[in-house]
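Let's take a walk through a protein model and look at what sits inside, what sits outside and what holds on to what. Have the structure open while you read.

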Amino acid sequence: MIYVFVFLYCIFNNAIYSPDSASYLNATIYRSPGYPIFVRVFSIIFQQYFDFFIVSAQCLLGLFAVHTLVIKTSKVLHLSFVLKLVFVLLLVFPFFPPLWVANNICSEGLSYPLYLFFLAFSLDFLFNNTSKSLLILSVSYILLVLTRGQFIVLTIIFTAIYILKNKHIVLKPTIIKKVIVLLLLPFAVSLLDKTYHKAKDGLFIATPFTYINASASALYVSKTSDKMLLKNTDDQLIFDDCYAFISENKWLMSSKERSSFSAYYKHFHDNLGRICNYTLHDRGTAYYVNKNQTIVDARYHIEKSSKRMLPVLIKSNFNNWIKLFYSNLVHGFKSQIILFLLIGTFIISFIKSLKSTNNNTLIIFYLTSLILSNALIVAFASHSIMRYLFYNYSLFFIIAILIYKYIRDVKNN
């Protein structure tokens with residue numbers, strides 16, 4: 001009944017074209033291949049009915065993923081009907097405002113279901129160790145990372161959990177083979193990503209935008225003398241131009257004295273898009289276009305420039321950068337207390353997992369690892385907004401249940 005209500009709610013609301021939608025529909029070079037290919041197939045097949053069918057497809061795929069995760073999780077954790085119901089409600093929250101994952105023509109419409117599939121079959125593989133689960137886990141991971149690169153570390157985290165689960169038999173050939181398969185998945189993703197760009201853009205490169213995004217915070221805390229630390233002439237000229245532009249618009253940290261780093265972070269948070277997209281990305285691309293490069297080559301070279309500038313600017317302004325990074329991280333959790341509780345749970349569950357074979361502590365360690373790793377990646381590469389963090393909201397509920405069960409079992413024993 002819940003699924004029917006969610007589906008009807010989504011299809012009776014219009015498709016949403018957000019500022020990012022055009023870049024996916026036009027398959028620009030700085031977009032990973034997953035979602036542009038997905039929407040291109042629907043636009044070719046359904047044409048003027050594209051909006052209705054893309055919303056329907058994203059909703060149905062998302063609901064199927066929700067149902068799959070609930071079923072797999074229930075089998076592992078033996079959830080009661082009430083707990084399953086609450087879990088379902090938490091998982092369908094992103095289908096409603098403000099996220100609208102099924103209606104928005106953005107990568108979340110595909111990445112959210114794929115993330116849930118990865119979670120479902122990673123749990124299934126962890127406890128049932130079947131080849132089928134490994135296959136589905138691998139496919140969902142590859143498609144997920146080809147849609148949103150922020151999840152590249154998932155297979156590394158899961159491999160560590162899998163080894164921990166099988167620590168007593170880790171040297172068995174069957175376990176070693178599966179570990180190798182898991183560790184090869186990021187390389188498969190990289191090869192597919194580069195092959196896509198070679199076929200579409202003529203360059204055998206990874207999707208360029210990661211370092212442009214990450215450089216925004218480094219630019220925000222930079223100072224004019226940092227130009228002299230850059231070795232590449234192009235990088236110096238681009239930095240000079242970008243620094244002057246954001247300084248003129250008062251988007252620099254040094255533009256105004258503020259009362260706390262939370263206030264500095266809010267200023268950065270509000271202006272990240274301007275620093276990243278309108279400054280480094282647009283002006284850097286224009287710089288290389290003016291050097292008679294094609295738009296594709298220019299997009300690639302501003303990514304390379306950003307990659308070179310990033311460590312230099314961070315090192316030169318490390319104290320301010322790390323404080324900004326920490327404020328960014330805290331903002332994602334809304335409270336330092338929640339962050340510290342999660343880190344404490346992560347550490348304790350890791351120690352318990354090393355010493356025992358308790359499944360509950362292992363799953364707690366796995367889920368806290370997923371939450372913290374994603375939060376750290378987002379805080380490093382962008383600003384901590386719901387759009388990048390919502391994937392793991394429902395996991396807090398599962399962690400709470402597992403902690404309760406663990407405490408109950410300890411008391412009973």
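Start with Asp 241, which is partly exposed, with a relative accessible area of 31%. Keep in mind that this is a predicted model. Asp 241 has a salt-bridge partner, Arg 283, and their closest N and O atoms are 2.9 Å apart. The two belong to distant parts of the chain: Asp 241 is in helix α11 and Arg 283 in helix α12, 42 residues apart. Arg 283 is partly exposed too, at a relative accessible area of 29%.

**More salt bridges**

How many salt bridges are there by the rule used here? The count comes to twelve. Here are three of them, side by side.

| Acidic residue | Basic residue | N to O distance |
|---|---|---|
| Asp 241 | Arg 283 | 2.9 Å |
| Asp 235 | Arg 308 | 2.7 Å |
| Asp 124 | Lys 72 | 3.8 Å |

Take the pair Asp 235 and Arg 308, whose side chains meet at 2.7 Å. Asp 235 lies in helix α11 and Arg 308 in helix α13, so this salt bridge ties together parts that are 73 residues apart in sequence. Is Asp 235 buried or exposed? Asp 235 is buried, with a relative accessible area of 2%, while Arg 308 counts as partly exposed at 36%.

Now for Lys 72 and Asp 124, with 3.8 Å from N to O. Lys 72 sits in helix α4 and Asp 124 in helix α6, so the pair connects parts 52 residues apart in sequence. Lys 72 counts as buried at 19% relative accessibility, because the cut-off for buried is under 20%. Asp 124 is buried as well, at 12%.

Some salt bridges also share partners: Asp 20, Arg 31, Glu 108, Arg 148 and Arg 387 are joined into one network this way.

**Around helix α4 and helix α5**

Helix α4 also holds Ser 74. Ser 74 counts as buried, at 12% relative accessibility. Setting aside residues up to four places away in sequence, Ser 74 touches Leu 79 and Lys 84.

Lys 84 falls within the range of helix α5, which runs over residues 81–92. This helix has twelve residues and spans 17 Å from its first C-alpha to its last, close to the expected 16 Å. Which residues of α5 are buried? They are Phe 87, Val 88, Leu 91 and Val 92. These residues cover an arc of only 125 degrees around the axis, so they are on the same side of α5. What they pack against is α1, α4, α6 and α18.

**The nonpolar core**

Helix α6 turns up again in the largest nonpolar core, to which α6 (residues 108–128) gives the most, with 13 residues. The core itself has 127 residues. Those with the most contacts inside it are Phe 95, Tyr 115, Phe 158, Tyr 366, Leu 367 and Leu 370. Zoom in on Phe 158: its contacts beyond four places in sequence include Phe 118, Phe 125, Leu 182 and Tyr 366.

**Helix α10 and Ile 275**

Next, find helix α10 (residues 210–220), which is mostly covered: eight of its eleven residues are buried. Among them are Ile 212, Ala 216, Leu 219 and Tyr 220. The elements covering the buried residues of α10 include α11, α12, α13, α14 and α16.

One residue to check in α12 is Ile 275. Ile 275 is buried, with a relative accessible area of 0%. Beyond its neighbours within four places in sequence, Ile 275 is in contact with several residues, including Ala 216, Leu 219, Tyr 220, Ile 246 and Trp 251. For a sense of scale, the C-alpha atoms of Ile 275 and Leu 164 are separated by 42 Å, and the two are 111 residues apart along the chain.

**What about disulfides?**

A disulfide is a covalent bond between the sulfur atoms of two cysteines. A search of the whole structure finds zero of them. Cys 10 is in no disulfide, and the nearest cysteine sulfur, in Cys 59, is 3.8 Å away. Cys 10 is buried, at a relative accessible area of 0%.

Why does Cys 242 have no bond to Cys 276? Their sulfurs are 10 Å apart, which is too far, even though Cys 276 has the closest cysteine sulfur to Cys 242. Cys 242 counts as buried too, at 1% relative accessibility.

Key. Residues are numbered from 1 along each chain as its sequence is written. This is a predicted model: local features need pLDDT of at least 70, side-chain atom pairs count only at pLDDT 80 or more; totals for chains, interfaces and linings use all residues. Side-chain values use heavy atoms; hydrogens and water are left out. Helices (H or I, at least four residues) and strands (E, at least two) are DSSP runs, numbered from the N terminus. Buried means under 20% relative accessible area, exposed over 50%, partly exposed in between (1.4 Å probe, protein chains only). Contact means heavy atoms within 4.5 Å. A nonpolar core is a set of buried Ala, Val, Leu, Ile, Met, Phe, Trp, Tyr and Cys residues joined through side-chain atoms within 4.5 Å. A disulfide is a pair of cysteine sulfur atoms within 2.5 Å. The expected span of a helix is 1.5 Å times one less than its number of residues. The arc is that of the directions from the helix axis to the C-beta atoms. A salt bridge is a side-chain nitrogen of Lys or Arg within 4 Å of a carboxyl oxygen of Asp or Glu.
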